[in-house]
Every structure is written in C-alpha cells, then in structure tokens.
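Below are some numbered notes on the model, for use alongside the coordinates. They take the ligand first and the domains afterwards.

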Amino acid sequence: MKRLGIFGTSGMAREAGDIAYEMGYTPIYIARDQTELDTWHFHAEAILEADVLRYRDIPFIIGIGENLIRQQLVQRYERQINFFNLIHPSATFGREQRSLIEKLQGIIVCAGVRFTNNIKVGNFCIFNQNVTIAHDVIVEDFVHVAPGSIISGNVHIGLRSWIGAGTVINQGENNRKLHIGADTIIGSGTVVVKPCEANAVYAGVPAKRIK
Ligand SMILES: CC(C)(COP(=O)(O)OP(=O)(O)OC[C@H]1O[C@@H](n2cnc3c(N)ncnc32)[C@H](O)[C@@H]1OP(=O)(O)O)[C@@H](O)C(=O)NCCC(=O)NCCS
C-alpha cells in the first residue's frame, strides 16, 4: 500500500485525500493537536503532528488552504520530510507544461484544472477545482487559487496571495504582466481589470480595493 501524509483534517485536506486515492495512494491525515484528532470521524487513519517524523519515509502534502500556515509548516519540516505533488488525473496541461509542474514541490492541482503553456508556478500552491491558468502566467510560492477562477494570459500573482472562488483576472501584456501584489486577497466573484497592490483585499466587478 502506497501511503501519503496529508497535513490537515479540514475539508481541503479531505479533498486532497480524494486526489491521493485517485492517484493510488492511501492518505494518513495529520492533526495539529489532540483536540483536532478527537474530532476526526472519517474512515481514514489520522495521527498527531507530534508523531509525523516517525513516518518520514512516506511523501507528504499540505492540505491546508491558509497560505501562511502552509509556509510555516514547510519552514518547520523542510529537509526532514519529502513533499509530493498531488495532480488529479482529470487536470490537463499544454505542451511541456505538465513536466514543469511535476518538477515542483507540494502543489495541489484539483479536478478539472487546465494549465495552457509557458506558465511558471512556485512551490506549495493550490489550484482548486476547475481553475484555468492561461499562457505566460507567473504564480509565486504559497498561492491559493479557489474553485472556478480564470487567470488570463500574462498575469503575475505574488507570494501567498489568495484568489477567491470564481474570480476572473483579465489578461496583461507580453512585456507588462497584470500584477497581483504579495499577500493580497481577491474576493469571490471579482473581476480584476487592473493591477492590485500588495497586502490588500479587493472585491467586486470591476475589482475595487475594500481593505
Ligand atoms: C473578500 C473577502 C475576503 C472579504 O472578507 P472580509 O474581510 O470579512 O470582508 P467583509 O465581509 O467585512 O466585507 C467588506 C465589504 O466588502 C463586501 N464584499 C465582501 N466580499 C465581497 C465579494 N466577494 N464581492 C463583492 N463585495 C464583497 C461586503 O459586502 C462588505 O461591503 P459593505 O462594507 O458595503 O457592507 C470575502 O468576502 C471573500 O470573498 N472571500 C473569498 C471566499 C472564497 O472564495 N472562498 C473559497 C474557498 S476555497
């Protein structure tokens, strides 16, 4: 039996677990503490994070949507455990794009995701169900793109940004990508037509800075 450790016990972790099963792995979920472990009531093994290094011979993924928590876990465990990429079999890729994605660490690509081509992706990103990422996009580390979002060509998404469900980001230009700053949140259903500053929250159609 091939086993995969999944940090987290929430809905995102169980969705990651579903992809693991599709890829032929049996997930072991990792609860932060005893309280979290006590609330686990699914038919799959769950362990305490304190025991994680006893399983260091299996690969791991972080099934936690919160970008900063994923980064903190990587800082805690890098060089001690191996992180894996979870790629749902229904995800599709442009020419040469799949091999670029497979070289990364810790990324989750959910069902129905489409990457076209010449896309540079950082490590530990989550691309949720039915996301489309078009040509010449750059996605930095620890980004989460929520379900159904469409990222048009020539967009640059900064470190740890969170793109809410059903967002549309309009295309940038070849030599001037449309930039979403680091640590920025884009609300669900937003249409982004201009660059977005770092450390901000944008929402609406067209997007306006709300925080
Ligand atoms: C944008 C978001 C992060 C803001 O959350 P928040 O900081 O708690 O903000 P609030 O709920 O206080 O809303 C602030 C204002 O923005 C408006 N607003 C919030 N989200 C909005 C959205 N997605 N689109 C348009 N307006 C929105 C609110 O109506 C409110 O307006 P008001 O001041 O006129 O009443 C949140 O609403 C959101 O969209 N999250 C993404 C959810 C998602 O995609 N989940 C996917 C999980 S995988």
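1. In this predicted model, a polar backbone atom of A165 sits 2.6 Å from an oxygen atom of the ligand. The backbone is also the partner at S188, where an N or O atom is 2.8 Å from a nitrogen atom of the ligand.

2. K211 approaches the ligand through its side chain: a polar atom there is 2.6 Å from a ligand oxygen. On its own the ligand has 910 Å² of accessible area, and the protein covers 42% of this.

3. Which residues come nearest to the ligand? They are G164, A165, G187, S188 and K211, out of 13 residues around the ligand. A165, S188 and K211 therefore appear both in this list and in the polar pairs within 3.5 Å.

4. By class, the shell around the ligand holds eight nonpolar residues, four polar ones and one charged residue. K211, among the residues that come nearest, counts as charged because Lys belongs to that class.

5. The domain assignment splits the protein chain into domain 1, residues 3-84, and domain 2, residues 87-209. K211 lies outside both ranges. Between the C-alpha centres of the two domains the distance is 24 Å.

6. How many residues of each domain take part in the contact between them? Domain 1 contributes 18 residues and domain 2 contributes 20. The area buried between the two domains is about 1,500 Å², with 64% of it from carbon and sulfur atoms.

7. Three residues stand out on the domain 1 side: I19, N67 and R70 supply 34% of the area that domain 1 buries against domain 2, more than any other three residues.

8. As for polar interactions between domain 1 and domain 2, nine residue pairs are in polar contact, counting pairs with both residues at pLDDT 80 or more. The salt-bridge rule, by contrast, finds zero across this interface. The description of the interface thus rests on the nine polar pairs together with the buried area of about 1,500 Å².

Technical notes:
Residues are numbered from 1 along each chain as its sequence is written. This is a predicted model: local features need pLDDT of at least 70, side-chain atom pairs count only at pLDDT 80 or more; totals for chains, interfaces and linings use all residues. Side-chain values use heavy atoms; hydrogens and water are left out. A residue is near a molecule or strand if one of its heavy atoms lies within 4 Å of it. A polar contact is a pair of N or O atoms within 3.5 Å; within protein, one must be able to donate a hydrogen and the other to accept it, and residues adjacent in sequence count only if both atoms are side-chain atoms. Accessible areas come from the Shrake-Rupley method with a 1.4 Å probe; for residues, only the protein chains shown count as cover. Domain bounds come from an automatic or database domain assignment. Contact means heavy atoms within 4.5 Å. Buried area is the accessible area (1.4 Å probe) that two parts lose on being put together, summed over both. A salt bridge is a side-chain nitrogen of Lys or Arg within 4 Å of a carboxyl oxygen of Asp or Glu.
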